[in-house]
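Work through the exercises below with the sequence and the model side by side. Each task is followed by a solution that goes step by step.

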Amino acid sequence: MDNAVGSSSLLKSSTQFTTNQAKSSSIFGNKLNFSERKLTHFRKAICFRNNPTLSLKASMDSPRVTQELADTKQSNTTGTQNGNDLFNEMKHRFLSFKRHKYQENLEHFQNLAKSQAPKVLVIACADSRVCPSNILGFQPGDAFVVRNVANLVPPFETGPTETKAALEFSVNTLEVENILVVGHSCCGGIRALMGMPDEDNSRSFIRSWVVTGKNAKLNTKAAASNLSFDLQCKHCEKESVNLSLLNLISYPWIEERVSKGLLSIHGGYYDFVNCTFEKWSLDYKATSSKKESDGYSLVSREFWS
């Protein structure tokens with residue numbers, strides 16, 4: 001009884017305090033927020049003291065809530081730890097590069113800091129399994145490298161892309177002597193191209209890009225329609241490289257240098273399933289005679305295994 005009376009008095013006092021506080025708040029703005037929070041906790045304490053059921057429910061829920069918070073914290077900690085591990089590994093690799101490559105070849109790297117003169121432009125896929133420097137042993141300064149989805153070269157007539165900017169810079173400014181377009185096995189970009197409906201009007205960035213290789217898809221369907229989808233994709237992986245070589249000739253300043261014998265154009269195909277590499281070259285003179293039919297001629301085929 002005494003507890004009930006005491007609680008009633010406390011609630012009455014708190015109600016009066018709230019009324020007075022509301023009046024003060026209109027004058028002093030939000031300066032009493034801290035007092036409001038204290039009062040809220042005070043009221044909760046009174047409710048729990050007078051209602052054992054609420055108190056029991058809260059005590060029963062607490063371990064579950066605590067466990068959920070602990071799980072969330074552990075998940076965040078694990079994610080942060082994985083990120084730290086990744087960048088710690090990068091740090092060790094960089095420091096190893098600095099000690100064993102940079103400092104041991106300091107003069108070479110100091111010369112590179114002044115200028116670059118690569119002999120080859122490599123256009124390769126962005127696929128994480130296809131690193132041209134790793135596969136073909138390029139060192140800093142050896143190759144100007146461009147990577148995009150499915151290693152495609154758009155024709156000159158289309159709009160600006162980063163690949164076109166790289167072509168212009170490497171050919172006109174760096175004056176590379178070779179361009180090598182490298183395709184590869186199990187290419188997701190080519191698979192997307194081959195599986196894409198002919199009348200696909202989606203706004204997908206992937207679709208908008210890989211459609212650059214639509215002629216390679218059409219040629220593949222005409223030449224390998226009797227093969228399984230996987231084999232058609234493999235055929236298109238190489239055909240798209242050849243169409244990219246043909247597209248390179250559509251750039252006036254590339255064709256000019258090729259016609260003068262200052263620039264050679266090559267195709268390559270890396271099969272990372274069997275670790276083999278095929279290399280071939282575009283025969284410009286023979287290809288020029290087939291320009292109107294979109295044909296091409298290839299020479300100097302090699303197979304590295």
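**Exercise 1. Describe the lining of the largest pocket by element and by residue class.**

Start with the elements: α9 (214–224), α10 and α12 (284–288) each give at least two residues to the lining of the largest pocket, where helices (H or I, at least four residues) and strands (E, at least two) are DSSP runs numbered from the N terminus. A pocket here is an open set of points on a 1 Å grid over the protein atoms alone, with protein on both sides within 12 Å along at least five of seven lines, and its lining residues have an atom within 4 Å of a point. Next, weigh the contributions: α10 supplies the largest share, five residues. The whole lining numbers 21 residues, and P155, N215, L243, L246 and N247 lie nearest the centre. By class, the lining holds eight nonpolar, nine polar and four charged residues, with Ala, Val, Leu, Ile, Met, Phe, Trp, Tyr, Cys and Pro counted as nonpolar, Asp, Glu, Lys and Arg as charged, and the others, Gly among them, as polar. Finally, the space amounts to about 400 Å³, a volume being that filled by probe spheres set on the points, which are joined across faces, edges and corners.

The model is predicted, so that local features need pLDDT of at least 70 and side-chain atom pairs count only at pLDDT 80 or more, whereas totals for chains, interfaces and linings use all residues. Residues are numbered from 1 along each chain as its sequence is written, and side-chain values use heavy atoms, with hydrogens and water left out.

**Exercise 2. Characterise the largest cavity and its lining.**

A cavity is a set of grid points where a 1.4 Å probe fits but cannot get out. The count comes to one cavity of 30 Å³ or more, and the largest cavity has a volume of about 40 Å³. Its lining consists of V122, A124, V130, P132, I135, L136, V182 and F277, which divide into eight nonpolar, no polar and no charged residues. Both β1 and α5 (132–136) supply at least two of these residues, and the largest share, three residues, comes from α5.

**Exercise 3. Locate the largest nonpolar core and examine I179.**

A nonpolar core is a set of buried Ala, Val, Leu, Ile, Met, Phe, Trp, Tyr and Cys residues joined through side-chain atoms within 4.5 Å; buried means under 20% relative accessible area, exposed over 50%, and partly exposed in between (1.4 Å probe, protein chains only). The largest core has 25 residues, and L121, I123, L167, I179, L248, I254 and I265 have the most contacts inside it. Elements giving two or more residues to this core include β1 (120–125), β3 (178–184) and α10 (229–248). Leaving out residues up to four places away in sequence, I179 touches, among others, L121, I123, L167, L248, I254 and I265, contact meaning heavy atoms within 4.5 Å.

**Exercise 4. Is D271 buried or exposed, and what surrounds its side chain?**

D271 lies in strand β4 (residues 264–271), and with a relative accessible area of 7% D271 is buried. A polar atom of the D271 side chain lies 2.9 Å from the backbone nitrogen of V273. The side chains of D271 and N274 are joined by a polar contact of 3.2 Å; such a contact is a pair of N or O atoms within 3.5 Å, of which, within protein, one must be able to donate a hydrogen and the other to accept it, while residues adjacent in sequence count only if both atoms are side-chain atoms. Beyond four places in sequence, D271 touches S185, K234 and T276.
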